[in-house]
Amino acid sequence: MKLSSFKYKTRTGPDYRHGEQVTFLDIKHTFGLGNIRIGSWVTKDEKELAANIIFDALADLAFILSLPPHAIGLRGSLNLVFGSGGRMGVQAHYAPFQRELALAKNAGAGALAHEFWHAYDHYIAGKAFNLSASSKHVHFASNCWLENKPLIEHPLNHRLQSLFNTVLLTDCGSDKHDFVMRSVKADHLLNKRYYSIPTEMMARAFESVIETCTDISNSYLVAGTTTAEALALYPDQSHRDSIYQALIAYFKPLGDALQRNY
């Protein structure tokens, strides 16, 4: 989708900006981001439109998760790239070594929530699990969960563990969830491991809940998890309801704590 054709009719939610034009500097300050990099081929009009759209999408995400807006930037560690260094055929991606969430200028719509989960999954790994101080590997919390790495004792970390359990295990916790089995099946058809990687399953579960379990609708933030084709790779509605409860049980007290300490 061309950025110039992306209209606000694809979004329903609060008017955070009160109709005002915002800038990428406003985005940086409001959401506590680190560096923001804009591609040299992004025009002034595209930059202004993108700033409004991305601001609304990040504000919607914070609202849905009950987080204060400044928490989205992960204590200033998350960097944002728009319209620069894109990958062929990729809407967006998260680069862990640079801690960059990159959005393509002409095809970034719908992928923001998915990539934010990757960023959060990376950010929280060392805060939720005991990791070797000498390790130079990139760690994601979802992989740490799968590898049974020791959990750091904290109520929020136990809630995060419950979220992983809800997404990836059956209700009794004794077997893989059907969502996992369907992801494995998709990989067999693909003849490579991708859809069943824990980070990818969690990102798909996260974005599917953001799209369906809220009064807010924002197709720049997330889109495409409810189509007939997509349902084979995403949690079904009953599962999404359970994931939503676990997601809010984790993020709301986190947001409350951050709000008190801000």
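**Bridges, rings and pockets**

Reader: How far apart are the closest N and O atoms in the salt bridge that D256 forms with K252?
Author: This is a predicted model, and in it D256 and K252 pair up as a salt bridge. To count, a side-chain nitrogen has to be within 4 Å of a carboxyl oxygen. For D256 and K252 the closest N and O atoms come out at 3.3 Å.

Reader: What separates D256 and K252 along helix 8?
Author: Both residues sit in helix 8, 4 residues apart. That spacing means the gap between D256 and K252 is about one helical turn.

Reader: Is K252 buried, exposed or partly exposed?
Author: Buried needs under 20% relative accessible area and exposed needs over 50%. Its partner D256 has 32%, so D256 falls in between. K252 has 38%, so K252 counts as partly exposed.

Reader: How many salt bridges does the structure hold?
Author: D256 with K252 is one of them. The structure's count of salt bridges is 8.

Reader: How many residues apart in sequence are the parts that R11 and D60 tie together?
Author: The side chains of R11 and D60 meet in a salt bridge, 2.8 Å from N to O. R11 belongs to strand 1 (residues 11-12) and D60 to helix 2 (residues 44-65), so the pair ties together parts whose separation in residues is 49.

Reader: What is the relative accessibility of D60?
Author: Anything under 20% counts as buried. R11 passes that cut-off with a relative accessible area of 15%. D60 is buried too, and its value is 0%.

Reader: Which residue does E100 form a salt bridge with?
Author: The closest N and O atoms in this bridge are 3.0 Å apart. It links distant parts of the chain, 63 residues apart, from strand 5 (residues 100-103) to strand 2 (residues 36-38). E100 counts as buried at 17%, while its partner is partly exposed at 38%. That partner is R37.

Reader: What kind of aromatic pair do Y120 and Y250 form?
Author: A pair of aromatic rings is described by the distance of the centres and the angle of the planes. For Y120 and Y250 the centres are 6.3 Å apart and the planes sit at 70 degrees. Planes over 60 degrees apart get one particular label, so the pair is called edge-to-face.

Reader: How many residues apart in sequence are the parts tied together by Y120 and Y250?
Author: Y120 lies in helix 3 and Y250 in helix 8. The ring pair therefore ties together parts of the chain whose separation in residues is 130.

Reader: What sort of aromatic pair do Y120 and F251 form?
Author: Y120 and F251 have ring centres 5.2 Å apart, with 55 degrees between the planes. Planes under 30 degrees apart would be stacked and those over 60 edge-to-face. With its angle between those cut-offs, the pair counts as tilted.

Reader: Are Y120 and F251 buried or exposed?
Author: Y120 has a relative accessible area of 4%, and F251 has 0%. The cut-off is 20%, so both residues are buried.

Reader: Over the ring of which residue does the charged end of K127 sit?
Author: The charged end of K127 is 4.1 Å from the centre of that ring. The ring's owner also belongs to a cluster joined by ring pairs, with F116, W117, Y120, F206, Y250 and F251 among the members. The residue is Y123.

Reader: Which helix gives the most to the lining of the second largest pocket?
Author: This pocket holds about 420 Å³ of space, and its lining has 20 residues, with R75, Y123, I124, L254 and L258 nearest the centre. The lining splits into 12 nonpolar, 6 polar and 2 charged residues. Helix 3 (112-128), helix 5 (155-168) and helix 8 (237-261) each supply at least two residues. With 5 residues, the top contributor is helix 8.

Reader: How many residues of the lining of the largest cavity are nonpolar?
Author: There are 5 cavities of 30 Å³ or more, and the largest has about 60 Å³ of space. Residues including L33, L58, I72, N79 and F116 line that largest cavity, and strand 3 (79-82) and helix 3 each supply at least two of its lining residues. The lining has 1 polar residue and no charged ones, and the nonpolar count is 8.

Key
Residues are numbered from 1 along each chain as its sequence is written. This is a predicted model: local features need pLDDT of at least 70, side-chain atom pairs count only at pLDDT 80 or more; totals for chains, interfaces and linings use all residues. Side-chain values use heavy atoms; hydrogens and water are left out. On a 1 Å grid over the protein atoms alone, a cavity is a set of points where a 1.4 Å probe fits but cannot get out, and a pocket is an open set with protein on both sides within 12 Å along at least five of seven lines; lining residues have an atom within 4 Å of a point. Grid points are joined across faces, edges and corners, and a volume is the space filled by probe spheres set on the points. Ala, Val, Leu, Ile, Met, Phe, Trp, Tyr, Cys and Pro count as nonpolar, Asp, Glu, Lys and Arg as charged, and the others, Gly among them, as polar. Buried means under 20% relative accessible area, exposed over 50%, partly exposed in between (1.4 Å probe, protein chains only). Rings of Phe, Tyr and Trp (its six-membered ring) pair if their centres lie within 6.5 Å; planes under 30 degrees apart count as stacked, over 60 as edge-to-face and the rest as tilted. A charge sits over a ring if NZ of Lys or CZ of Arg is within 6 Å of the ring centre and within 35 degrees of the ring normal.
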